[in-house]
Amino acid sequence: MSTITKPQHAAHQPEGAPPSAPGGTQPAWLIVTLREVMVKTKDRGFAISTLVTLVLIVAGVVFNAYMDNRGEDFSVAVISDAGRSVVALADEEGRADDGNTAFEAVVVGSDDAALDEVRGGDVDAALLQNEDGLWTLTGKEEVSPGLSGGLGAALESFALSTNAAATGSSPQELLAGSELEQSLLEGSTENQAVASVAGFAFGFLFYMAAIIFGLQIANSVVEEKQNRVVEILATAIPIRQLLYGKVLGNTILAMVQLAMYGGAALLALNLTGTSDLVGGIIPASGWFLVFFLFGFLILAAMWAVLGSLASRPEDLNNSSAPVLALILAALGAGLFATGQLLVVASYVPVVSSVAMPIRMLNTEVALWEPILSLVIALAAAAALIHLGEKIYRRAVMQPGALSLRKAMKLEQ
Amino acid sequence: MLHVQNLTRRFGEHTAVDDVTFSVPSAKMTGFVGANGAGKTTTMRMIMGVLTAHAGEVLLDGRTVTADDRATFGYMPEERGLYPKQPIIDQLVYLGQLHRMSQGDARSRAQELLERFQLGDRRKDKLESLSLGNQQRVQIAASLLHRPSVLILDEPFSGLDPVAVDSMVELLREHTAQGVPVLFSSHQLDLVDRLCDNLVILQKGRLVTSGSGDELRAAAPRRHRLTVSPDAGWVREEAGVTVIDVAGQDAVVELDNDDAAQRLLTAAMARGRVHEFSRIRPTLSEIYRGVSQ
C-alpha cells in the first residue's frame with residue numbers, strides 16, 4: 001500500500017474557483033437561523049396568513065369603532081302629551097350623551113292606532129300609559145336595548161320632576177346626598193376594563209404564536225429527521241448549533257409577527273379615535289413582548305424535542321398534548337385568573353408570559369416582581385434548552401418515533 | 001491517508017462492527033464491500049462521527065480526526081437526505097455555508113456541479129420535482145460541494161443510469177487525482193473492479209481482508225489455465241495440484257507453489273502438445289467472492 005503526502009484541503013481547489021473564505025464565514029447557528037427565517041418568509045402560505053390576520057385585526061378594530069359610533073334613530077308612537085315629553089327628554093339625553101341617538105315621537109289618536117303603527121313597522125315601539133298611570137313600552141318582536149334604556153331613563157327623570165313639582169320640591173333636592181363615587185385602592189376602574197380586553201388579547205396572541213411557530217419548529221426538525229438531511233448536517237456542524245439556530249430563527253419570526261399584529265391593532269385604535277385606553281396598554285404590551293420572548297424560548301425547546309422524537313409530522317398530533325396544555329394554561333390565565341391565583345400564575349414560567357403583563361395592567365406591581373418572574377423564566381428556558389439539546393442530539397439521529405424515556409437512554 | 005484503527009460498535013448485544021482496522025490511502029479509490037448487514041454503513045457513520053465508536057479511532061495522517069476535520073469530509077449517507085420542498089440551488093448553498101464556504105463561493109461551486117450533471121437549468125426547481133436519478137445527482141453534488149479533503153460515499157452508484165455512473169466516476173477520479181482518499185461502498189462488483197485501487201472486505205462486522213489490488217491478488221490462490229491435446233484428464237493425478245475444473249482439453253488448477261507449476265508444465269509437454277499455460281489474474285470481485293464464501 002502506497003503512502004502519499006497529505007492532501008491539503010486548500011491544495012486541491014479546482015483552478016479558477018475562489019478559495020473558501022477561511023474564518024470569514026458566519027457561525028453555524030447564525031446560518032441555520034437565517035435559513036429558518038428565509039424559508040419561512042419566502043413561503044407564500046405564511047405571507048398570506050400573516051397578511052390576512054393583519055387585515056382581520058385592523059378590520060375588527062374599525063368595525064368595533066363603527067358600531068360604537070353608529071347613530072340610532074328611534075321612532076316611538078305616543079298618544080299623550082306626557083308620552084311626547086318623555087320621548088323629547090330621551091332625545092335630549094341621547095343627543096347629549098354620545099351625540100347620535102335620536103328619539104322621535106309619532107303622535108296618534110288611540111292605543112289601538114299606536115299598536116297598529118308598531119305592527120305595521122312604521123314605528124319601533126309604542127309608549128303607552130294605562131288608567132293606573134303605569135307605562136308600557138310595546139315592540140313588535142323585540143325592543144332594542146338602546147330604545148328601552150333611553151326611554152327608561154327619560155321616564156325616570158320625567159316622573160321625578162313631575163312628582164317633585166307635586167310636593168313643591170325639585171329633583172336636585174330629592175337626590176341630594178344620593179351620589180356614590182367609586183374608587184379603588186389599587187389601580188383604577190378604567191384599567192380594569194383595559195385589563196380584561198388586553199388579557200384576552202395577550203392570551204390569544206400568545207396562544208396563536210406559540211402554536212403556529214412551535215409547530216413550525218417541530219415540523220422543521222422532523223422534516224430533517226425524516227429526510228435524513230440531519231445526517232449530513234451533523235457531519236458539518238455540531239447538532240447543538242442546529243437546535244439553537246432553529247429556536248432562534250423561529251423566535252425571531254414569532255416576535256416580529258407579534259409586534260406587527262400588536263402595532264397594527266394599536267395604530268388602528270389610534271386612528272379610529274377609540275384610543276382613550278391605549279396609553280394604558282402600551283407599557284404592558286412592551287412587557288408582554290419581553291415575557292413572550294422568554295416563554296416562547298421554553299416552548300421552542302419543547303417543540304424541538306417533540307420534533308426530534310417523532311418520525312413523521314403526523315406523530316406530532318399525538319405527542320404535542322403536554323405542550324398544548326401548557327399553552328392553554330397561559331391562555332386561561334389571561335382570561336380567567338384573578339387575585340392570588342393570578343399572582344402565583346405570574347411567576348410560573350410560560351404562564352407568566354400572559355399573567356404578569358395582565359397583573360401589571362390591573363394593579364400596581366413593584367418593578368422587582370416582573371424582573372424576578374423573568375429571571376425564573378430565563379432559568380427555566382436555559383434548563384429546558386439544555387435538556388432539550390441532550391434529547392434532541394440523541395433522538396434526531398435515530399430513525400423512527402421514540403418515547404422520551406427511550407430517547408434519554410440512547411447513546412449517540 | 002485515512003486510517004481506521006480497531007473500530008468497534010455494538011447495538012445492545014449485537015456487535016455490528018468488531019475491531020475493524022484498514023486504511024484508505026490518499027489519491028486512491030478504495031472499494032468497501034460486504035454482504036448486507038456486514039457493518040459497512042455503521043463503519044462509515046463512525047468515520048463521519050455520526051455514530052460514536054465504542055472502541056478504536058479514526059486517524060487522518062496519523063492523528064485522531066476532529067470535528068473540524070470531519071467538516072471538510074464529503075459524505076453521502078446510505079439514506080439519501082436533502083430538503084424535498086426546497087429549490088436545489090438554495091439547499092446546496094446552505095450546505096456549502098455550513099461547510100464553511102462563503103455564500104458566493106458555495107453558489108458558484110453548486111452551479112458548476114449542477115451544470116456537470118446537466119441540471120444547470122433546473123437549479124431553481126424543487127428537489128422533489130426531479131426524477132430519482134437526478135435527485136441522486138444533487139445528492140452527489142452536495143457531498144462534493146465544499147471540495148472535500150476525504151470522501152466517504154455509501155452506495156454512491158445505486159440508482160444511477162450508466163451515463164450518470166460515468167460522470168460520477170469522472171468526478172471521483174478528479175478528486176483522487178488531487179490527492180483525496182475516497183472510500184465507497186457498493187454491491188456492484190463490476191464497478192468495484194473497474195474503479196478500485198484498493199479493497200476492504202467486511203463480513204459480519206469483521207474485517208476479512210484489505211489492501212491494494214496487487215496485494216490481494218498476491219495473497220489469492222495461484223490459479224493456472226492449461227490447454228493441452230489430446231486430453232487434460234491426467235492432471236488429476238499430479239502431486240501439488242488441486243483441480244478446480246477439467247473439461248476436454250482445458251483444465252483450471254490451483255498450484256501449491258512455483259515448483260508444482262514447473263512440474264505440471266514438464267508433465268504436459270511429455271504427454272502431448274501444450275497450447276496454453278497461463279496464470280489466471282483474479283478480478284477483485286472474484287477475490288471478494290473467494291473470501292466471503
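How many of the 412 residues of chain A count as buried, as a percentage? Hold that thought for a second, everyone, while I say what we are looking at. This is a predicted model, with a chain A and a chain B. Now the answer: 37% of the residues in chain A count as buried. For chain B, which has 293 residues, the buried share is 44%.

Let me start with chain A. Its secondary structure comprises 16 helices and four strands. It is divided into two domains: domain 1 takes in 28–57 together with 188–409, while domain 2 covers 73–163. Notice that domain 1 is written as two pieces of the chain. If you take the C-alpha centres of domain 1 and domain 2 of chain A, they lie 54 Å apart. Contacts tell us something about the chain too. Among those in chain A between residues at least 6 apart in sequence, 71% join residues at least 24 apart.

How confident is the predictor here? Chain A has a mean pLDDT of 80, and 86% of its residues reach 70 or more. Over residues 1–23 of chain A, though, the pLDDT is below 50, and that stretch has 38 contacts in the model beyond near neighbours in sequence. So please read that part with care.

Next, a pair of contrasting places in chain A. Which residues of helix α14 of chain A, running over 352–362, are buried? The list includes A:Ser352, A:Val354, A:Pro357, A:Arg359 and A:Asn362. In fact 11 of the 11 residues of this helix are buried, so it is mostly covered. I like that the list has A:Arg359 and A:Asn362 in it as well as A:Val354 and A:Leu361.

Now find A:Glu181, in the loop between α6 (171–175) and α7 (189–226) of chain A. Is A:Glu181 buried or exposed? It counts as exposed, because it has just 4 C-beta neighbours inside 10 Å, and the cut-off for exposed is 12 or fewer. As for distance, the C-alpha atoms of A:Glu181 and A:Arg393 are separated by 63 Å, with their positions 212 residues apart along the chain.

Let's go inside. The largest nonpolar core has 154 residues, and those with the most contacts inside it are A:Leu299, A:Ala301, A:Ala304, B:Ala141 and B:Ile152. Look at the chain letters there: residues of chain A and of chain B both appear. Helix α10 of chain A, residues 278–309, gives the most to this core, with 18 residues. There is also a second, separate core of 20 residues, and A:Val76, A:Val78, A:Ala126 and A:Leu147 are among them. As background, nonpolar side chains tend to be buried together in soluble globular proteins. Back to B:Ala141: leaving out residues up to four places away in sequence, it touches B:Leu92, B:Ala110, B:Leu113, B:Leu114 and B:Phe117.

That brings us to chain B, with its 10 helices and 14 strands. Its C-alpha atoms fill a box of roughly 75 × 45 × 35 Å along the principal axes.

Here is a sheet to trace on the screen. Four strands of chain B form an open sheet in the order β2-β1-β4-β5, with antiparallel pairing. Why do β2 and β5 each have one side without a neighbour in the sheet? They stand at the edges, each with a single partner strand, so one side of each is left free of a neighbour. At the β5 edge, β4 (residues 55–60) and β5 of chain B pair over two bridges, and B:Leu59 has B:Thr64 as its bridge partner. Helix α1 of chain B, residues 40–48, lies across β1, β2 and β4, at about 115 degrees to β1.

Further along, strands β12 (241–247) and β13 (250–255) of chain B run antiparallel, joined by six bridges. B:Val246 stands opposite B:Ala251. In this hairpin two residues sit between the strands, and B:Gly248 takes a positive phi near 60 degrees.

My last stop is β14 of chain B, residues 273–280. Of its eight residues the number buried is zero, so the strand lies largely in the open. It does have a partner: β11 (223–229) and β14 of chain B pair in the antiparallel sense over seven bridges, with B:Arg223 matched to B:Ile280. Thanks for listening!

Technical notes. Residues are numbered from 1 along each chain as its sequence is written. Chains are lettered from A and ligands numbered from 1 in the order in which they are written. Domain bounds come from an automatic or database domain assignment. Two strands pair if DSSP finds at least two bridges between them. pLDDT is the predictor's confidence in each residue, from 0 to 100. Two residues are in contact if their C-beta atoms, placed from the backbone, lie within 7 Å. A nonpolar core is a set of buried Ala, Val, Leu, Ile, Met, Phe, Trp, Tyr and Cys residues joined through C-beta atoms within 7 Å. Axes are lines fitted to C-alpha atoms, for helices over the stretch in contact, and angles run from 0 to 180 degrees between N-to-C directions.
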